Amino acid sequence: MKNIVVTGGAGFIGSHVVRLFVNNYPDYNIINLDLLTYAGNLENLKDIEGKPNYTFVKADICDYDTVACIFSKYKIDAVIHLAAESHVDRSIKDPFSFARTNVMGTLTLLQVAKNYWGDNFENKLFYHVSTDEVYGSLGDEGFFLETTAYDPHSPYSASKASSDHFVRAFYDTYGLPVVISNCSNNYGSYQFPEKLIPLFINNICNNKPLPVYGKGDNVRDWLFVNDHARAINVIFHEGKLGDTYNIGGFNEWKNIDLIRVLIKTVDKLLGREEGTSEKLITYVADRAGHDYRYAIDSSKLKNELGWEPSLQFEEGIEKTVKWYLENEDWVQHVTSGAYQKYYQQMYEE
Ligand code: NAD
Ligand code: DAU
């Protein structure tokens with residue numbers, strides 16, 4: 001496989017995937033197809049934009065004709081599909097755009113791939129990147145397995161679940177060569193500061209309140225984004241067609257405990273006295289339909305393909321906080337303009 005289209009490559013995880021593939025595989029042509037919504041940012045890829053095996057194309061995955069032209073122009077052999085609306089809070093305010101991008105966009109890509117590849121699926125692959133949120137919410141015990149029944153609760157997770165079903169339907173019905181992975185919460189560089197970790201780092205730096213939903217006792221399973229990109233690389237090359245792989249770090253944190261680690265780390269790196277920013281913790285109304293706990297069992301990926309997370313959480317968090325502190329320009333660029341309006345609507349009205 002030589003010509004690979006990565007959708008959503010200008011976003012948080014997509015940019016790490018594009019960077020890994022461009023740098024590790026000089027023989028592959030990587031075509032980054034991204035609409036550059038509020039979440040897409042070409043600054044995320046400045047270090048590789050001049051590489052000969054990298055091309056950026058601005059396009060909407062819902063636009064069949066344009067996507068079909070891109071497939072023929074670049075003779076696409078494989079898709080790594082990450083483009084999506086990805087923020088749960090936004091999905092609660094505007095579910096339609098999630099159905100459009102995540103469901104119709106995925107269906108459009110599947111249809112283009114099937115039609116472009118015709119009857120010959122040899123050495124072709126459609127890799128769909130999905131989330132653990134499709135499995136719903138756990139109590140205090142247990143883990144999500146690849147066989148766990150789907151039970152999405154938010155418009156975001158419902159749209160991702162629907163897209164997963166379409167991908168499997170194309171495998172079962174047409175034999176399209178697909179693989180799916182469902183990953184837990186990612187953190188790391190280039191994450192848009194609407195998600196918990198970068199939002200809170202930014203607020204701690206600027207002495208702004210830290211809006212903790214409910215009691216702060218919801219649990220998430222955190223994975224360093226570079227480890228997710230490594231997992232995608234392994235699954236892309238060695239995953240079994242038609243299979244699903246769960247990706248997670250066996251690294252569960254209650255939100256409030258994680259927030260205290262963030263406060264400690266930011267205060268330390270800014271030379272503030274320990275505990276200075278604890279006073280910023282502000283309990284606010286809970287997220288509607290807030291899933292209590294996510295926890296991924298990624299043993300299948302470890303046992304079958306040998307993947308394991310490479311970083312301890314404390315090390316990953318310190319690296320991440322340092323990155324945001326050292327990349328103030330990036331933070332400033334993404335938090336100007338439309339971000340201010342979003343922040344006001346979400347947290348100040
Ligand atoms: P993100 O919001 O940072 O990036 C999404 C990217 O998709 C942006 O570059 C955006 O411009 C692009 N995009 C949006 N609509 C598009 C359209 N119609 N056409 C073309 N491009 C479009 O998202 P992320 O956090 O990097 O997540 C990437 C994928 O991984 C998503 O599919 C998400 O569901 C999945 N995922 C995310 C996490 C996480 O913790 N962030 C965990 C598991 C799975
Ligand atoms: O589990 C994978 C999913 O993780 C991905 O599929 C999603 O794309 C990604 O956004 C993420 O979803 P979450 O809803 O878990 O992430 P978020 O960073 O929005 O929130 C993490 C937890 O922190 C969640 O319990 C809600 C809480 N939270 C979040 C925000 C933004 C707060 O308490 N306050 C906040 O302001």
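Which atom of ligand 2 lies 2.8 Å from an N or O atom in the side chain of arginine 220? The answer is an oxygen atom of ligand 2. Keep in mind as you explore that this is a predicted model. Below, we start with the two ligands and then turn to the two sheets.

**Ligand 2 and its surroundings**

- The side chain of arginine 220 offers the N or O atom that sits 2.8 Å from an oxygen atom of ligand 2, and the protein covers 95% of the 690 Å² of accessible area that this ligand has on its own.
- Leucine 196 takes part through its backbone, where a polar atom is 2.8 Å from an oxygen atom of ligand 2.
- Asparagine 255 uses its side chain instead, with an N or O atom 2.9 Å from an oxygen atom of ligand 2.
- There are 26 residues around ligand 2, and those that come nearest are Asp132, Tyr156, Arg287, His290 and Tyr347.
- Sorted by class, this shell holds 11 nonpolar, 8 polar and 7 charged residues.
- Helix 3 (88-93), helix 6 (196-205) and strand 8 (210-213) each give at least two residues to the shell around ligand 2.

**Ligand 1 and its surroundings**

- Around ligand 1 you can find 29 residues, of which Ile13, Asp34, Ser86, Tyr156 and Lys160 come nearest.
- Tyr156 is therefore a name to look for twice, as it is listed among the nearest residues for ligand 1 and for ligand 2.- Backbone atoms appear in several contacts here: a polar one of leucine 36 is 3.5 Å from an oxygen atom of ligand 1, and a polar one of isoleucine 61 is 3.0 Å from a nitrogen atom of the ligand.
- Asparagine 186 also has a polar backbone atom beside ligand 1, 2.9 Å from an oxygen atom of the ligand.
- Taken alone, ligand 1 exposes 840 Å², and the protein buries 97% of that.
- Helix 1 (12-24), strand 5 (125-131), helix 5 (155-174) and strand 7 are the elements that give two or more residues to the shell around ligand 1.
- Strand 5 supplies the largest share of that shell, 3 residues.
- By class, the shell around ligand 1 divides into 14 nonpolar, 11 polar and 4 charged residues.

**The sheet of 7 strands**

- This open sheet has the strand order 3-2-1-4-5-6-10, with parallel pairing.
- Strand 3 (54-58) and strand 10 (244-247) stand at the edges with a single partner strand each, so one side of each has no neighbour in the sheet.
- On average, neighbouring strands of this sheet are turned by 20° against each other, direction ignored.
- Helix 5 packs on the sheet and touches strand 5, strand 6 (178-183) and strand 10.
- The direction of helix 5 makes about 155° with that of strand 5.
- Strand 1 (residues 3-7) and strand 2 (residues 29-34) run parallel and are joined by 5 bridges.
- Within this pair, threonine 7 stands opposite leucine 33 in strand 2.

**The sheet of 3 strands**

- The other sheet is open too, with the order 7-9-11 and mixed pairing.
- Strand 7 (185-187) and strand 11 (252-254) form the edges, and because each has a single partner strand, one side of each is left without a neighbour in the sheet.
- Neighbouring strands here are turned by 50° against each other on average, direction ignored.
- Strand 7 and strand 9 (residues 219-224) run parallel, with 3 bridges between them.
- Asparagine 186 has leucine 223 in strand 9 as its bridge partner, and a polar backbone atom of asparagine 186 is also 2.9 Å from an oxygen atom of ligand 1.

Key:
Residues are numbered from 1 along each chain as its sequence is written. Chains are lettered from A and ligands numbered from 1 in the order in which they are written. This is a predicted model: local features need pLDDT of at least 70, side-chain atom pairs count only at pLDDT 80 or more; totals for chains, interfaces and linings use all residues. Side-chain values use heavy atoms; hydrogens and water are left out. A residue is near a molecule or strand if one of its heavy atoms lies within 4 Å of it. A polar contact is a pair of N or O atoms within 3.5 Å; within protein, one must be able to donate a hydrogen and the other to accept it, and residues adjacent in sequence count only if both atoms are side-chain atoms. Accessible areas come from the Shrake-Rupley method with a 1.4 Å probe; for residues, only the protein chains shown count as cover. Helices (H or I, at least four residues) and strands (E, at least two) are DSSP runs, numbered from the N terminus. Ala, Val, Leu, Ile, Met, Phe, Trp, Tyr, Cys and Pro count as nonpolar, Asp, Glu, Lys and Arg as charged, and the others, Gly among them, as polar. Two strands pair if DSSP finds at least two bridges between them. Axes are lines fitted to C-alpha atoms, for helices over the stretch in contact, and angles run from 0 to 180 degrees between N-to-C directions. Contact means heavy atoms within 4.5 Å.
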